[in-house]
Amino acid sequence: MTREEIYEQCVEKITKTNCLLLESATGTGKTKVSIDLTNYLINSQWYADLKNIDILILVAKRVHKQTWNEEITKWGGFNHPSAKVNIRMECYESLHKCFDKTYHIVIADVVHHIGSDARLELLKTLRFGY
């Protein structure tokens, strides 16, 4: 399956629900698909009138923040014609900083690294659109 086919399947699924788990092998372009899917969502009718769009990206380790920044730049970023897109990146171990916050979109990279039951409980407190 190509990256484009994976993206098309994700678009089809995300229009029917507000949550999507993308699990695929290393090297298939999960980060690019996530960026493209986020751009699809923020440019959809649901976010048309917003002035600010808040995105949370959760990663396993600090080094992954740099990787995500590089990938976001490489693939053209998160773009909306009129809204300011605010990106917050946190490690799973710093999830407590996001306690009881609201985000339009949450991307949980390598979510199997979330670890403890306490972090899972914190994850449940996040409010998000997608």
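Which unit do S1, H3 and S2 make? In this predicted model, the three elements form a β-α-β unit of right-handed sense. The sheet to which the two strands belong, the helices that pack on it and the nonpolar cores are described below.

The sheet is open and consists of three strands in the order S2-S1-S4, with parallel pairing. Because S2 and S4 stand at the edges and have a single partner strand each, one side of each lacks a neighbour in the sheet. On average, and with direction ignored, neighbouring strands are turned by 15° against each other. Strands of a sheet pair through backbone hydrogen bonds, in either a parallel or an antiparallel arrangement. Here, S1 and S2 are joined in the parallel sense over eight bridges, and Ile-55 has Ile-87 as its bridge partner in S2. On the side of S4, S1 pairs in the parallel sense over four bridges. Leu-56 is bridged to Val-106 of S4, and Ile-57 has Ile-107 as its bridge partner in S4.

Two helices contact the sheet. H2 lies across S1, S2 and S4 and runs at about 170° to S4. H3 also packs on the sheet, where it touches S1, S2 and S4; the direction of H3 makes about 155° with that of S2. Six of the eight residues of S1 are buried, so this strand is largely enclosed by the rest of the structure.

The largest nonpolar core comprises 23 residues. Within this core, the residues that touch the most other members are Ile-57, Trp-68, Ile-72, Phe-78 and Ile-105. Two or more residues each are supplied by helices H1 (3-14), H2 (30-42) and H3 (62-74), and by strands S1 (52-59), S2 (84-91) and S4 (105-108). A further core of nine residues lies apart from the largest one and includes Leu-56, Tyr-92, Cys-98 and Tyr-103.

The surroundings of Ile-72 were examined with neighbours within four places in sequence left aside. On this basis, Ile-72 is in contact with Ile-35, Ile-57, Gly-77, Phe-78, Ile-87 and Met-89. Two of these contacts, Ile-57 and Phe-78, are also listed with Ile-72 among the core residues that touch the most other members. Two of the contacts of Ile-72, Ile-57 and Ile-87, also take part in the bridges described above: Ile-57 with Ile-107 of S4, and Ile-87 of S2 with Ile-55.

Key
Residues numbered from 1 in each chain as written. Predicted model: local features only at pLDDT ≥ 70, side-chain atom pairs only at ≥ 80, totals over all residues. Heavy atoms only, no water. Core = buried A, V, L, I, M, F, W, Y, C linked by side-chain atoms within 4.5 Å. Buried < 20%, exposed > 50% of the residue type's maximum accessible area, 1.4 Å probe, protein only. Contact = heavy atoms within 4.5 Å. Pairing = 2+ DSSP bridges. Axes fitted to C-alpha atoms, helices over the stretch in contact; angles between N-to-C directions. Right-handed = clockwise from strand over helix to strand, strands pointing away.
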